[in-house]
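Open the model in your viewer and keep the selection panel at hand. The stops below go from residue to strand to pocket.

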Amino acid sequence: MSSYLQQEIKFLSGVGPKRAGLLNKELEIYFFEDLLYFFPYKYIDRSKYYAIKELTPNLPNIQIKGKIVGFEIAGEGKKKRLIAYFSDGTGTIELIWFKGLAYIQKSLLLNTEYIVFGKPGHFSGKFNIIHPEVEDSLKNKNTIQASLQAHYNTTEKLKKNFLTSKTISKLINNLLLILKGKIKETLPEYLIHKYKLLSLEQALFQIHFPQSSDLLQKAIYRLKFEELFYVQLNILQKRTHRISKLKGYIFSKVGDCFNQFYENNLPFELTGAQKKVLKEIRRDIGSGKQMNRLLQGDVGSGKTLVALMSMLIALDNGFQACIMAPTEILANQHFETINEFIDGLPIEVGLLTGSTKTSARKEIHKNLLSGELQILIGTHALIEDTVQFKNLGLVVIDEQHRFGVAQRAKLWKKNQNPPHVLVMTATPIPRTLAMTIYGDLDVSVIDELPPGRKPIQTTHLYDSKRLRMFGFLKQQIEQGRQIYIVYPLIKESEKMDYKDLEDGYESIIRAFPSPKYAVSVVHGKMKSEEKDAAMNLFAKGQTHIMVATTVIEVGVNVPNASVMVIESSERFGLSQLHQLRGRVGRGADQSYCILMTSYKLSNDARKRIQIMTGTNDGFEIAEADLKLRGPGDMEGTQQSGIAFNLKIANLGKDGQLIQYVRDIAMDILEDDPELNKQENSEFVVQLKKMSNKKVDFSIVS
Ligand code: ADP
Ligand code: MG
């Protein structure tokens, strides 16, 4: 069978080299298999026939069965047209063509039964259909019967070359006739039986030529089931391998570091969610297996503290720990926060970033090797080979999506056994997506904010209200608060963006003149020392307003800042807007987020703004984002490529099914971890096929 599926598309009857070239280019259809899995995007019910006497104005596309009883050529010039009088015994309707008159008239026979399809029009008391589809009702014996007509995506270029949805359907018809009885099943019999699935062959026939909507639903279900099942089986098998192969360091006790911190230093009660997550982490690191855990928590939910307390347990067990952050600003901030938290405790903490001086760097290297330095905080600089630990036991990675898999792997190699890994992200992603993208990670969620936080009030303002907005900012500054004003920066049009930022900055300086007001600026073109200096001025409260591009998006913590103004907010994605908003609302004061837009808003932009003004819940926003954009655009999905390779399932919409098939895959692996059983042999074949495809993928990209 596979030999059939791997045949080049040009060899299919009805294709040939020219069409093959177009199918390659426009639809990425190269082989028979690609066409077989090129699924329709919609279906039109062709089971019902209208009687002509039932017709009323304003019907959608309909179908009539009848005969042509006469032809007429009418009109002159542009209005010249062919009229075929079509009768079904209950009445007569006019079929009208303005193009190809001679050809069409020749191809249609009088008094032969046809099926006519199209949208009826109504003109001076008579019904007509302009340019209808006309089919012989005694269908060709080489046509697969269907009661729903599949429609396929095409492109302008394809249509120009007569590769319409209908042509594609004919090609698939030809293909299925060749493959009939030869499509090999890709799921084991026992699964098909147990979960009452259609066979693969049935499913493929029904998805292209559904005999009923019930069978169509079953076909879609079977194909989604299989697709998602193999994704999960693949992920879970890798995970099983990792767990069984790698030994994890056992942190068996909670000692002085943790206890002293808990009793003397912890300035507040942990939230219930923080406690729950710490329990999950403790269970992992005490288990003898390597922890590989993703900690998701909305901005401001207190992830840093969880990381710190986990590190203290590592220290209590004679291990070192490190935190890696995506930017220098963030690394500095973690360093300061953690030093403050552990004030008075005998714990050595170091900071290593790109701007650490050589002498200090040498000192750090030495103290890491001797074990004197217990916690290291830094940027990518931590990954370098020259950074060696005496006994690294726990790695914390902040803001996961900024690091690639290869970088993570480098960290794993910093001790004999890989250290435990805790990955923290403030980009909440829906559970089902996390399960798939980060399928090899266990997921913990902090779903609760520390008490006493006032929800941020979010407002949408059109640009014309800018003066009113400035007035509000002045009030806030008078009350001692600070303000962020953020401009979008999109790579393709950097020049224009900087102009926006510069113009904006000038108008802000004019509205907030010195010496009464102090304004800082941070943008990506500044050197990192300049950025840090400007950021520090703001963090210390020495400037009132921070004008910035999105460089401030990640993690920065200035609790006294209470207003976030986002300019041209229609140009930001939802998750970015939410991240930016999360920079305020970190203190006890009421905070505000103001979304500025022009009057012209696309539908999607309007929806994004509505969602932002409607909720502060990061998970709700992530769900909405997934629905608006689809998973291919979500952060993190690019790395995995999974979202792109799915042909029929949708990570955003098929959450329940993902969970369902994941449980099935888990049971199978529990029973047969190596998939050695005869009944499971098909899995091995399919997983191998998937991994082969990945190799191809990496060569291409
Ligand atoms: P994020 O999850 O965004 O990294 P942080 O760890 O920066 O959040 O925490 C945000 C703020 O909340 C910090 O100032 C931190 O000290 C504070 N915080 C953390 N946990 C609690 C708690 N349980 N109660 C009160 N405040 C807390
Ligand atoms: Mg953080």
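Exposed means over 50% relative accessible area, buried means under 20%, and partly exposed is in between (1.4 Å probe, protein chains only). This is a predicted model, in which local features need pLDDT of at least 70 and side-chain atom pairs count only at pLDDT 80 or more, while totals for chains, interfaces and linings use all residues. Residues are numbered from 1 along each chain as its sequence is written, chains are lettered from A and ligands numbered from 1 in the order in which they are written, and side-chain values use heavy atoms, with hydrogens and water left out.

**Stop 1: a loop proline**

Select proline 267. Look for it in the loop between helix H10 (256-265) and helix H11 (272-285). Helices (H or I, at least four residues) and strands (E, at least two) are DSSP runs, numbered from the N terminus. Proline 267 counts as exposed because its relative accessibility is 53%. Now add phenylalanine 341. The two residues are 74 apart along the chain, yet their C-alpha atoms are separated by 8.2 Å.

**Stop 2: the domains**

Colour by domain; the bounds come from an automatic or database domain assignment. Domain 1 covers 1-46 + 149-184, domain 2 covers 54-145, domain 3 covers 256-446 and domain 4 covers 457-615. Measure across the model: the C-alpha centres of domain 1 and domain 4 lie 51 Å apart.

**Stop 3: strand S10**

Select residues 292-297, strand S10. Six of its six residues are buried, so S10 is largely enclosed by the rest of the structure. Which residues cover each face? Asn292, Leu294 and Gln296 are on one side, with Arg293, Leu295 and Gly297 on the other, and all are buried. In a regular strand the side chains alternate between the two faces of the sheet.

Next, show the partners. Strands pair if DSSP finds at least two bridges between them. S10 runs parallel to strand S15 (residues 420-425), joined by five bridges. Leucine 294 faces valine 423 in S15. S10 also runs parallel to strand S16 (residues 442-446), again over five bridges. Here arginine 293 stands opposite aspartate 442.

**Stop 4: threonine 353**

Move to the loop between strand S12 (349-352) and helix H14 (358-370), where threonine 353 is found. Is threonine 353 buried or exposed? It is buried, because its relative accessible area is 4%. Contact means heavy atoms within 4.5 Å. Leaving aside neighbours within four places in sequence, threonine 353 touches Glu328, Ala331, Arg361, Thr379 and Ala381.

**Stop 5: strand S22 and the loop after it**

Select residues 592-597, strand S22. Six of its six residues are buried. Tyr592, Ile594 and Met596 sit on one side, Cys593, Leu595 and Thr597 on the other. Strand S17 (residues 457-462) pairs with S22 in the parallel sense over six bridges. Threonine 459 stands opposite isoleucine 594. Strand S21 (residues 561-566) also pairs with S22 in the parallel sense, over four bridges. There, methionine 564 has cysteine 593 as its bridge partner.

Step on to serine 598, in the loop between S22 and helix H21 (603-614). Serine 598 counts as partly exposed because its relative accessibility is 25%. Leaving aside neighbours within four places in sequence, its contacts are Tyr462, Asp463 and Glu570. Arginine 282 makes a distant reference point: it is 316 residues from serine 598 in sequence and 50 Å away, C-alpha to C-alpha.

**Stop 6: backbone exceptions**

Most residues other than glycine have a negative phi, and most peptide bonds are trans. Three places to check follow.

- Serine 568 has a positive phi of about 45 degrees. It lies in the loop between S21 and helix H20 (574-581).
- Leucine 675 has a positive phi of about 55 degrees. It lies in the loop between helix H25 (655-671) and helix H26 (681-700), and is buried at 4% relative accessibility.
- The peptide bond from serine 514 to proline 515 is cis, with omega near 5 degrees. Proline 515 is in the loop between helix H18 (494-511) and strand S19 (519-522).

**Stop 7: a pocket lining**

Finish at Glu133, Val134, Glu135, Lys166 and Lys170, which lie nearest the centre of the second largest pocket. A pocket, on a 1 Å grid over the protein atoms alone, is an open set of points where a 1.4 Å probe fits, with protein on both sides within 12 Å along at least five of seven lines; lining residues have an atom within 4 Å of a point. This pocket is lined by 43 residues. Helix H6 (165-179) is among the elements that each supply at least two of them, and H6 gives the most, with seven. Domain 1 and domain 2 each contribute at least three residues to the lining.
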